[in-house]
Amino acid sequence: MSIFRRSALIALSATLGVVALSPVVQAQEKTPPTEAQLKKYAYPLAPAIEAPKVTIDYSDFPTAETWAKEAKVVVEQWFPAVWQMLGTEGQTPPKEIRLVFVKEQQAPAQAGGGQISVSGPWITERPDDLGMMVHELTHLIQRYPGYAGKPGWLVEGIADYTRWWRYEPETPRPKIDPLKNKYTDSYRVTAAFLAFLANKYDKGIVPKLDKKLRDKTYTDAAFVEITGKDLDTLWNEFAPKPALTN
Ligand SMILES: [Zn+2]
């Protein structure tokens with residue numbers, strides 16, 4: 001929803017003396033890629049799966065009802081798409097995913113055990129943030145086993161890559177500061193770096209890394225194996241440090 005419409009709504013609510021503003025869903029919904037569109041990613045996709053059953057529970061935060069129903073659609077449509085885009089071949093998808101809306105939770109959303117738990121106050125403030133469901137459902141697909149040296153930055157980077165480069169690729173890119181940022185920054189910075197590498201070296205780099213994390217065979221040498229260059233060299237290509245004068 002536009003900022004204008006939202007402010008108008010807030011003004012209207014204030015006029016009517018409405019205290020709690022229920023989350024309002026953005027007008028346009030993003031459709032998931034078709035099989036033909038998925039194929040343009042030019043790497044072998046994992047086999048298609050049926051959408052898992054998605055249930056919603058907003059009993060702890062009833063005003064989330066409308067948003068919850070919209071989130072259910074996003075998860076139903078995008079879970080199978082992201083499943084195909086990652087290195088999930090031979091894995092078994094969950095039969096059911098639960099979306100639970102809670103009034104008290106520190107994180108905007110968290111995923112685990114077949115459940116995505118969403119903060120009601122967060123989505124009330126940011127009703128346009130439906131894309132976070134794609135980040136979280138990616139975590140449900142990742143379910144990488146724990147092992148020493150598992151790179152948390154890459155796990156978050158992959159989840160943000162599916163959100164920002166697949167679900168909403170039209171959103172503005174993060175500004176990278178070569179003096180401050182690093183590929184280990186996680187989230188959007190890592191996601192932007194992965195998108196650069198996919199474009200320049202290997203369209204299948206994200207599913208390949210995903211597969212290695214799944215098999216517990218990931219080390220930073222995976223980047224050398226896939227691109228022929230190590231992480232620091234690649235990062236410097238993506239975000240070259242300005243030449244020092246003096
Ligand atoms: Zn995350």
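Biologist: Which residue stands opposite Phe-101 in E4?
Modeller: In this predicted model, Val-118 of E4 stands opposite Phe-101.

Biologist: How many bridges join E2 and E4, and in which sense do they pair?
Modeller: Strand E2 pairs with E4, residues 115–119, over 5 bridges. The sense is parallel.

Biologist: What about E1 and E2, how do they run?
Modeller: E1, residues 53–57, and E2 run parallel, joined by 5 bridges. Within that pairing, Leu-99 of E2 has Ile-56 opposite.

Biologist: Which helix makes a β-α-β unit with E1 and E2, and is the unit left-handed or right-handed?
Modeller: Helix H3, residues 65–85, makes the unit with those two strands. The β-α-β unit is left-handed.

Biologist: And how many residues of E2 are buried?
Modeller: Strand E2 covers residues 96–102, and 5 of its 7 residues are buried. That makes E2 mostly covered.

Biologist: Switching to the metal. What coordinates the zinc ion?
Modeller: His-135 and His-139 each coordinate the zinc ion through NE2, and Glu-156 does so through OE. The distances are 2.0 to 2.1 Å.

Biologist: What spacing do the donors follow along the chain?
Modeller: The spacing is H-x3-H-x16-E.

Biologist: Which helices do His-135 and Glu-156 lie in?
Modeller: His-135 is in H5, residues 132–142, whereas Glu-156 is in H6, residues 152–167. The pair therefore ties together parts that are 21 residues apart in sequence.

Biologist: Are those two, His-135 and Glu-156, buried or exposed?
Modeller: His-135 and Glu-156 are both buried.

How values were computed:
Residues numbered from 1 in each chain as written. Predicted model: local features only at pLDDT ≥ 70, side-chain atom pairs only at ≥ 80, totals over all residues. Heavy atoms only, no water. Buried < 20%, exposed > 50% of the residue type's maximum accessible area, 1.4 Å probe, protein only. Helix = DSSP H or I, 4+ residues; strand = E, 2+ residues; numbered from the N terminus. Pairing = 2+ DSSP bridges. Right-handed = clockwise from strand over helix to strand, strands pointing away. Donors = N, O, S within 2.8 Å, 3.2 Å for Na, K, Ca; no water.
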